[in-house]
Amino acid sequence: MIVELNGITKRFGDILAFDDVSLTIDDGEFLTLVGPSGCGKTTLLRCIAGLEDVSEGKITFDGQDVTTLPPQQRNIAFVFQNYALYPHMTARRNMSFALEDQGMAEVDIEQRVTETAEMLGIGEQLNQKPGELSGGQQQRVALGRSIVRDPNVFLLDEPLSNLDAKLRVQMRAELQKIHNELGKTMIYVTHDQEEAMTMSDRIAIMNQGRLQQVSSPAEAYYQPTNRFVASFIGSPAMNFMGCQDDGDRVETAAFSTTKPEAVTDTVTEVGVRPEDLEISEDGGESRADVSVFEQLGSHNMVYLAVDGVDDELIAQVPAIKYFEEGDRVGVSVTDRRYHFFARDGTAVYTPRPRPRASRDSPASPSSRV
Ligand code: ATP
């Protein structure tokens with residue numbers, strides 16, 4: 001099912017939850033709404049579900065106007081962060097009762113629940129009650145309950161946030177498999193940019209009630225359209241430095257580069273991804289003191305107090321590169337991989353994506369080391 005949002009706005013009295021959002025989610029697409037707390041993503045999802053009315057604009061499902069339809073007439077499934085299972089019912093009953101309400105034959109219900117439970121890896125747990133299940137198993141039951149209803153669209157609101165870090169990573173992969181298997185449209189809400197980057201066909205990044213960028217995860221990482229997206233996507237975040245622009249050259253306190261002719265706006269800020277900072281023992285474009293060194297196994301992080309630069313910069317280096325606190329080092333920007341921003345925060349120049357990245361394989365900093 002194609003979900004189309006046409007200029008929708010939601011106000012709670014004087015509070016603007018989100019403003020003038022237009023977005024088309026394709027049939028079978030996995031789209032993630034991502035942004036910091038309070039940016040309006042949950043309210044937007046609730047409006048798509050019909051749990052909230054929109055103040056302005058139109059929502060269509062496959063071209064049909066559903067703006068004023070109640071949730072039960074939209075054929076959607078909403079999966080919550082807190083699972084919302086009935087504690088006195090077994091996993092099987094939790095999954096089947098909606099189908100019983102619909103009057104489906106008992107043998108068909110049994111078949112659908114069993115098949116779904118097998119797919120979710122909870123076939124052995126069907127006779128247990130939620131209190132006897134782990135968090136991950138409970139979330140699978142909640143997912144199973146929505147899958148058996150065969151909805152046209154799945155709306156998922158931070159469904160993994162109650163799970164521990166390891167299980168969250170595992171469930172991320174499982175959700176992608178489920179999505180591939182079902183082929184249904186899924187709209188997923190999270191504040192976790194890494195979750196958004198790893199699971200989605202496209203991500204819609206929101207800030208203060210406004211859509212900032214809608215693109216593939218890789219595009220959001222390599223070609224952020226503005227400073228907000230550049231700072232929100234990527235961990236650790238992009239380094240930012242104020243700069244001077246004399247029309248020919250852009251200069252920060254530490255680095256200097258020619259300004260590409262195509263860039264006509266005045267550049268007021270420069271951004272460099274941590275993996276695009278290069279550290280050397282000698283030389284380098286600028287000199288810096290290592291203030292903190294972190295070994296993460298697959299790669300290392302180096303916090304740098306760069307001469308003349310107010311804020312610390314963070315460099316991500318391969319695991320074989322080892323430094324110590326207090327080391328005096330050289331620091332340069334690899335292949336002039338600068339991002340330029342204008343005064344209003346618009347990105348006016350981004351470096352070309354790295355050769356190893358492709359639109360189909362979104363890369364997070366850690367996976368590219
Ligand atoms: P979080 O990740 O913290 O849940 P969010 O991005 O999902 O944040 P929303 O919950 O959609 O953000 O909230 C967006 C804005 O709307 C916030 O300013 C919030 O306080 C406000 N808001 C949300 N629900 C209501 C409500 N029922 N009544 C009044 N204001 C609300």
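User: Let's count a residue as near a molecule if one of its heavy atoms lies within 4 Å of it. Which residues are around the ligand?

Analyst: Happy to help, and please keep in mind that this is a predicted model. With the 4 Å cut-off, we can simply read along the chain. The residues around the ligand are Phe12, Ile15, Ala17, Pro36, Ser37, Gly38, Cys39, Gly40, Lys41, Thr42 and Thr43.

User: Which element gives the most residues to that shell?

Analyst: Two elements each supply at least two residues of the shell: strand E2 (15-25) and helix H1 (41-49). The one that gives the most, with 3 residues, is H1.

User: How many residues of the shell are charged?

Analyst: Let's sort the shell by residue type. It holds 5 nonpolar and 5 polar residues. Lys counts as charged, and Lys41 is one of the residues around the ligand. The number of charged residues in the shell is 1.

User: Which residue has a side-chain N or O atom 2.5 Å from an oxygen atom of the ligand?

Analyst: Let's go through some of the contacts to ligand oxygen atoms. Gly38 comes within 2.7 Å through a backbone N or O atom, and Thr42 lies 2.7 Å away through a polar side-chain atom. The residue whose side chain has an N or O atom at 2.5 Å is Ser37.

User: What share of the ligand's accessible area does the protein cover?

Analyst: Start from the ligand on its own, which has 630 Å² of accessible area. Of that area, the protein covers 59%.

User: How far apart are the C-alpha centres of the two domains?

Analyst: The protein chain is divided into domain 1, residues 3-222, and domain 2, residues 238-367. The distance between their C-alpha centres is 37 Å.

User: Which strands are at the edges of the sheet with mixed pairing?

Analyst: This open sheet has 6 strands in the order E6-E7-E8-E3-E9-E10. An edge strand pairs on one side only. The edge strands here are E6 (76-79) and E10 (210-215).

User: What is the bridge partner of Ala204 in E10?

Analyst: Strand E9, residues 202-207, runs antiparallel to E10, and 5 bridges join them. The partner of Ala204 in E10 is Val214.

User: What is the average twist from one strand to the next in the open sheet of 5 strands?

Analyst: Here the strands follow the order E16-E20-E17-E18-E19 with antiparallel pairing. At the edges are E16 (277-280) and E19 (313-318). From one strand to the next, the twist averages 45 degrees.

User: Which residue in E18 is the bridge partner of Ala288?

Analyst: Strand E17 (residues 286-295) and strand E18 (residues 299-306) run antiparallel, joined by 7 bridges. In E18, the partner of Ala288 is Val306.

User: Which residue is joined to Pro236 by a cis peptide bond?

Analyst: Most peptide bonds are trans, so a cis bond is worth a look. Pro236 lies in the loop between helix H8 (227-232) and strand E11 (239-242). Its cis bond has an omega of about -5 degrees, and the residue it is joined to is Ser235.

User: What is phi near in Asp150?

Analyst: Most residues other than glycine have a negative phi. Asp150, found in the loop between helix H4 (135-148) and strand E7 (153-157), has a positive value instead. Its phi is near 50 degrees.

Methods: Residues are numbered from 1 along each chain as its sequence is written. This is a predicted model: local features need pLDDT of at least 70, side-chain atom pairs count only at pLDDT 80 or more; totals for chains, interfaces and linings use all residues. Side-chain values use heavy atoms; hydrogens and water are left out. Two strands pair if DSSP finds at least two bridges between them. Helices (H or I, at least four residues) and strands (E, at least two) are DSSP runs, numbered from the N terminus. Axes are lines fitted to C-alpha atoms, for helices over the stretch in contact, and angles run from 0 to 180 degrees between N-to-C directions. A polar contact is a pair of N or O atoms within 3.5 Å; within protein, one must be able to donate a hydrogen and the other to accept it, and residues adjacent in sequence count only if both atoms are side-chain atoms. Accessible areas come from the Shrake-Rupley method with a 1.4 Å probe; for residues, only the protein chains shown count as cover. Domain bounds come from an automatic or database domain assignment.
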